[in-house]
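Please look over the model below. A short report on selected features follows.

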Amino acid sequence: MDTRTIRRLGLVAIGLLIAGLFVGATNRFLPKPASAEAQTVSALFNFMIVIATIIFLIVEGALLYSIIRFRKKDGDETDGPPIHGSAAIELTWTAIPAVIVFGLSMYSYQVFAGMQEDKPNTLVLHVRGQQFVWSFDYPHDPNVKVLSSAELHVPLNTPIRMEIEAADVMHGFWVPEFGVKQDAIPGRVTEVRFTPTAAGQYQVVCYELCGNGHGVMRNNVVVEDQVHYDAFVKSLEVHPPAKPAPGEHTAEWGGYVLQSNKYGCGGCHYLPALNLAGQVGPSWVGLGDRAGARVKGQDARTYILHSIIYPNEYIVSGYPANVMPQNFGQQMDDTDLNSIVDYLLAQKNQTDTATGQKTAQISTP
Amino acid sequence: MATTTIPAVSSGLTPAKRSQLTKYFTWSLDHKVIGVQYLVTSFTFFLIGGALAMLIRANLLTPNSGLFIDKATYNAVFSMHGTIMIFLFVIPTFIGFANYMVPLLIGAKDMAFPWLNAFSFWLIIPAGILLLVGWMVGPPEAGWTAYFPLSGPIYSHADGQTLWAVSLHLLGISSIFGAINFLVTVKNMRTPGMGWFQMPLFVWAMFATSIIILLATPFLSGALTLMLFDRLAGTNIFNPATGGDPLLWPNVFWFYSHPAVYIMVVPGMGILSEVLAVFARKPVFGYKAIAMSSMAIAILGFLVWGHHMFTNLAPWTRIPFMITSMIIAVPTGIKIFGWLGTIWRGKIRFTTAMMFALGFLSLFVIGGITGVLLASVPVDEQAHGTYFVVAHLHFVLFGGSVFSIFAGAYYWFPKITGRYLNERMGKIHFWITYVGFMLSFLPMHISGLYGMPRRVAAYDPKFQAINILTSLGAFILGVGQIPFYINAIASLVGGEVAPANPWRGLTLEWTTSSPPPEHNFEGTPIPAPDPYGYGTPEGAAYLAGERNIAVMTLTHGSAPLLPNEQPTGGDR
């Protein structure tokens, strides 16, 4: 190689490096990290993007250059030079990628090991995935009854270990801004660790196909300071009413069952009175007023009961069939089931506080 | 007699021409007929799978499902799309090309086991019908990966899921028989003078692919058998409630399905080597390295299945799979750089086949890079199960496999039919496909990393703009395939007549007429000393028809003559 070629190659190499570093430093391919883990993953990702950009430019550049420079000239019907290969060049492009992937494996391992480490003062939370909602449990005084929440609240800058369970099929726990994922697997308790570092509201998204409602299986996540977190957990404390004797049922008990999110109803249905914020299924506001008029010749009680046990029997217009699980008839005991119906029947003469369109639609079926 | 001649006359077909046509609808033992049967069948399924993709994209124009289909139908549509594209389009298309071309490329008169060959093809038809019948009895809705418990009897009670398993079982058996046939054919039926390292690279690719199919597909069969037990016989192998393990399914399924990714791309890499060398008029750069990298991918491909399970394997077991997955980048890199070396300083002819091959190169490298990102466990924790993976797999399987399929189609159509595909229409096809592809799949990387999971019928409204862009790209891509079908039919009837060797290629399929006679070659064909000897005096002499010179140089070759057998026909 003469000095001119070497100088040219040197310039190309410097250009590639600058381009790689530029893309690595300025890209917005990942959401803004909101956890310690997401920050280290982002650093790793951006490092990989530097190398990826350089390789991308080398390959596409050589390809484009060849397409322009080595196209057949008009009238030239001869063949190209019979070059069969070059041991030195082939060895180079075998060895360099091998070294790169070795380095990337080491770096990735380091990042992953850091994510798996036990950290002091770790707060252990619990999440349960079911078709198509998440429900969260928090550590609490064993003498006090505490509700599950449909919204995940976590304290800022506290290492969290999330224990994950699945009630029916596989689900996937993922908060994109936290940069960690873990499958929820029926029959196993899996775990994922993260330390939230930015206050704000995020979403926990299910990424493992779990049925018809997979796309709507998204719950809110709130990262807040310790004081607000403690207040939130405190607000979940309840003093349950006495459970009615077998064969009996009360609206009070039904409201308690719904509020405690025992069956995940609030993940999909909307009822501000109980803090249920679901937007997937029909709203329950004023349900007692219209349930009796929904199906001709059927009283309100039967209508609600059937809608729980056989959800596909009457589909409210505008809502898809097959989203609500069809096994509540087996899951709920009779007291719970009938108490829930009692409670819902009592939802009468309510002022519609919702601004959402759905509620308005439903009150005039 | 009258009854047979009258309709023939009225339709303008002579009895001879008619039998030419009807043989494609009958049980034929001719590998060329079987090859065409495979190709026509698979391109028909491409239309069905493509229509389903259009339905998916139409539905994702709005964040809340229900624009065209409800959520349950949506899940069925993408499950069918994946299954059809993989098992009834890409895999059988390559088997179709291989059926037609491998015997020709090695100078054989047919495959080693013609009866088995026909049987492999005729398993595809009932399998396809069974899958489609699933629509009428409640289609499968658990995705093409069919994870348990979702695909189990409790959560997928419709019979479509069972038919899906039976259909894939048949396709698996078809694949295994095909693989045995190719291995024996390549090993035993090369023409005298063709040593292992005189084999065209497409033959090497099919040899490697057949090893993968033979060793991997039995695991699919095993997994499907267990699925059928759970669904039909009341066993609880995958049911955690009674002691089964849902993670057994992805382990066994991916032990087949990751190698299956290579079943779908290694043959395409073989086609690429053929096309690039012929149209750059240069030898393949590093022939042995490219041949051996196919074998390396075949072996390494069995050690990486765990990277599909980075979010559910026990954490420490993810590390070895990360390392093996990263290593796959090395043989893949050897191929990509070797192809660049092939066109470098060549005299490139921009035929449609060449444009699809160059398009493959430009897209596959993106799929390769995102593959390395996904191989890193921590990065995968962001990208797993999202549209980033959808983008990655389409860059590999559409930008890679499908582009190479089209390169092969434009390259070999003159050999198969005796007529060229129209080049002008071909270039329109290429450009619409390329632009539509980019518009469709490039933005998906971003929506995925920002939090849009795959397989969702409804999504966060913040992703709507990117989804509209993707859908527009997909519609362009879909419309872009219509010129190909029109071109194929029009060229078949009235295309320009092609000579025996339209591209001045050195491989053996070009030494016989287009289309080839029933037993492929007149006499025993003599291969060129180097299948890619473009620019060499030997290559020029071989092309000029001076095969004796080729034979003379052959004696200087390093590989000894193998005692290859010619087909005796005893199998028939």
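How exposed or buried is Arg504(B), judged by its C-beta neighbours inside 10 Å? Arg504(B) counts as partly exposed because it has 17 such neighbours. The cut-offs are 20 or more for buried and 12 or fewer for exposed. This is a predicted model.

**Unusual backbone**

Most residues other than glycine have a negative phi, and most peptide bonds are trans. Arg504(B) departs from the phi trend: it is not a glycine, yet its phi is positive, about 55°. Arg504(B) sits in the loop between helix H17 (482-494) and helix H18 (537-543) of chain B.

Asn121(A) is also not a glycine and has a positive phi, about 60°. The loop between H3 and E1 of chain A holds Asn121(A). Asn121(A) counts as exposed because it has 6 C-beta neighbours inside 10 Å.

Two peptide bonds are cis. One links Gln131(A) to Phe132(A). Phe132(A) lies in the loop between strand E1 (123-130) and strand E2 (133-137) of chain A. The other links Phe148(B) to Pro149(B). Pro149(B) belongs to the loop between helix H5 (114-133) and helix H6 (160-188) of chain B.

| Site | Backbone angle |
|---|---|
| Asn121(A) | phi about 60° |
| Arg504(B) | phi about 55° |
| Gln131(A)-Phe132(A) | omega about 0° |
| Phe148(B)-Pro149(B) | omega about -5° |

**A sheet in chain A**

Chain A has an open sheet of five strands with mixed pairing, in the order E4-E10-E9-E6-E7. Its edge strands are strand E4 (152-155) and E7 of chain A, each pairing on one side only. From one strand to the next, the twist averages 25°.

E9(A) and strand E10 (residues 218-224) of chain A run antiparallel, joined by six bridges. Gln203(A) has Asn220(A) in E10(A) as its bridge partner. Helix H4 (residues 226-235) of chain A packs on the sheet and touches E4 and E10 of chain A. The direction of this helix makes about 140° with that of E4(A).

**Where the chains meet**

How many residues does each chain bring to the contact? Chain A brings 72 residues and chain B brings 77 residues. On the side of chain A that touches chain B, at least two residues come from each of helix H2 (36-69), helix H3 (87-116), strand E7 (180-184) and strand E9 (200-206). H3(A) gives the largest share of that side, 14 residues. By class, the side of chain A that touches chain B has 42 nonpolar, 19 polar and 11 charged residues.

How values were computed
Residues are numbered from 1 along each chain as its sequence is written. Chains are lettered from A and ligands numbered from 1 in the order in which they are written. This is a predicted model: local features need pLDDT of at least 70, side-chain atom pairs count only at pLDDT 80 or more; totals for chains, interfaces and linings use all residues. Two residues are in contact if their C-beta atoms, placed from the backbone, lie within 7 Å. Helices (H or I, at least four residues) and strands (E, at least two) are DSSP runs, numbered from the N terminus. Ala, Val, Leu, Ile, Met, Phe, Trp, Tyr, Cys and Pro count as nonpolar, Asp, Glu, Lys and Arg as charged, and the others, Gly among them, as polar. Two strands pair if DSSP finds at least two bridges between them. Axes are lines fitted to C-alpha atoms, for helices over the stretch in contact, and angles run from 0 to 180 degrees between N-to-C directions.
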